[in-house]
Amino acid sequence: MERRKALKSLAVAVGGLVSLPGWANGWNSANLPSGASFLAPRADAVLAEVVETILPATDTPGAKALGVHTFIQKIVTDCMEPSAQDSLTKGLTAVEALAKKTYTKSFASLDAGQKAEVLKTMSQSSDADEKGFFSLVKGMTIRGYMTSEYVMNNITHYEMVPGRYHGCVPVVAKNTTHKTQQNK
């Protein structure tokens, strides 16, 4: 690389780093852009109840409290084919229909045991779409829960850079004595 090009690149990089703190100042979750949900509010509520049934609140927050249903929608919208959105929408409709058929109530109004039974029925269904929906939501619920900020900080104690560097550690040398034998 030529010296002029290198110096020009270095100057641009330094200028960018100097202006970065002013540009990045004041960001928080409230002013970051968020994608609009592709699910209707009622379907979003059903998805929230499904993820809460898969990972309910105990002495730690459940999947619903950590916003895993929002994570699933974001991943399905941004990272998957449009057919996955249709599959998720149809699966939530099937959950609601199965709850009404079995218990004559909406999924959200069922107790925890009944919700678990509805999801168990879907997981063991002979319909590939229902089974695929449950598999997708369960996997993404676990992934979303385990990678949430709460779990990473409070349960798994994730460290971005593992290991410690202790630069000022006293070195203790073992006192060894050598015995010399004299040959006579």
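Buried means under 20% relative accessible area, exposed means over 50%, and partly exposed covers what lies in between. Keep those cut-offs handy for the exercises below, which work through a predicted model.

**Exercise 1. Get the overall picture**

Task: Work out how many helices and strands the chain has, and what share of its residues count as buried.

Solution:
- Start with the elements: the chain has 7 helices and 0 strands.
- Reading from the N terminus, the order is therefore simply α-α-α-α-α-α-α.
- Now for burial: the chain has 184 residues, and 25% of them count as buried.

**Exercise 2. An odd backbone angle**

Task: Threonine 104 has a positive phi; find where this residue sits and decide whether it is buried or exposed.

Solution:
- Check the angle: phi at threonine 104 is about 55°, even though the residue is not a glycine.
- Place threonine 104 in the chain: it belongs to the loop between α4 and α5.
- Apply the cut-off: the relative accessible area of threonine 104 is 68%, so this residue is exposed.

**Exercise 3. The helices on either side of that loop**

Task: Describe how α4 and α5 pack, and say which orientation class the pair falls into.

Solution:
- Recall what to look for: two packed helices are described by the angle between their axes and the distance between the axes.
- Take the numbers: α4 covers residues 82-103 and α5 covers residues 112-123, and they pack at about 120° with axes 10 Å apart.
- Classify the angle: roughly perpendicular runs from 65 to 115 degrees and roughly antiparallel starts over 145, so α4 and α5 are oblique to each other.
- Add the handedness: α4 and α5 make a right-handed crossing.

**Exercise 4. A second helix pair**

Task: Do the same for α3 and α6: what is the angle, and which class does it give?

Solution:
- α6 spans residues 128-146, and it packs against α3 at an angle of about 115°, with the axes 9 Å apart.
- That angle makes α3 roughly perpendicular to α6.
- As for handedness, α3 passes α6 in a right-handed crossing.

**Exercise 5. Trace the salt bridges**

Task: Find which lysines pair with glutamate 49, and say what parts of the chain those pairs tie together.

Solution:
- Begin with the total: the whole structure holds 4 salt bridges.
- Take one partner: the side chains of glutamate 49 and lysine 64 form a salt bridge, at 2.7 Å from N to O.
- Locate the two residues: glutamate 49 is in helix α2 (residues 41-54) and lysine 64 is in the loop between α2 and α3 (68-79), so this pair links parts 15 residues apart in sequence.
- Take the other partner: glutamate 49 also forms a salt bridge with lysine 115, with the closest N and O atoms 2.6 Å apart.
- Locate that pair too: glutamate 49 is in α2 while lysine 115 is in α5, so the contact ties together parts 66 residues apart in sequence.
- Check burial: glutamate 49 is buried at 12% relative accessibility, lysine 115 is buried at 9%, and lysine 64 is partly exposed at 35%.
- Now look at a local pair: aspartate 78 and lysine 74 form a salt bridge with their closest N and O atoms 3.0 Å apart.
- Both aspartate 78 and lysine 74 lie in helix α3, 4 residues apart, which is about one turn of the helix.
- Aspartate 78 is partly exposed at 47%, and lysine 74 is partly exposed at 39%.
- Put the shared partners together: salt bridges join Glu49, Lys64 and Lys115 into one network.

**Exercise 6. Inside and outside**

Task: Decide whether leucine 39 and valine 161 are buried or exposed, then find which surface patch includes Val161.

Solution:
- Leucine 39 sits in the loop between α1 (3-24) and α2, and its relative accessible area of 7% makes it buried.
- Leucine 39 and leucine 92 are 53 residues apart in sequence, yet their C-alpha atoms are 9.8 Å apart in space.
- Valine 161 is in the segment after α7 (149-154), and at 62% relative accessibility valine 161 counts as exposed.
- Finish with the patch: Tyr158, Met160 and Val161 form a nonpolar patch on the surface, with about 390 Å² of accessible area together.

How values were computed
Residues numbered from 1 in each chain as written. Predicted model: local features only at pLDDT ≥ 70, side-chain atom pairs only at ≥ 80, totals over all residues. Heavy atoms only, no water. Patch = residues over 30% accessible without salt bridge, like charges linked within 9 Å, V, L, I, M, F, W, Y side chains within 5 Å. Areas by Shrake-Rupley, 256 points an atom, 1.4 Å probe, with all protein chains shown as cover. Buried < 20%, exposed > 50% of the residue type's maximum accessible area, 1.4 Å probe, protein only. Axes fitted to C-alpha atoms, helices over the stretch in contact; angles between N-to-C directions. Parallel < 35°, antiparallel > 145°, perpendicular 65-115°, else oblique. Left-handed = near helix turned anticlockwise from the far one by under 90°.
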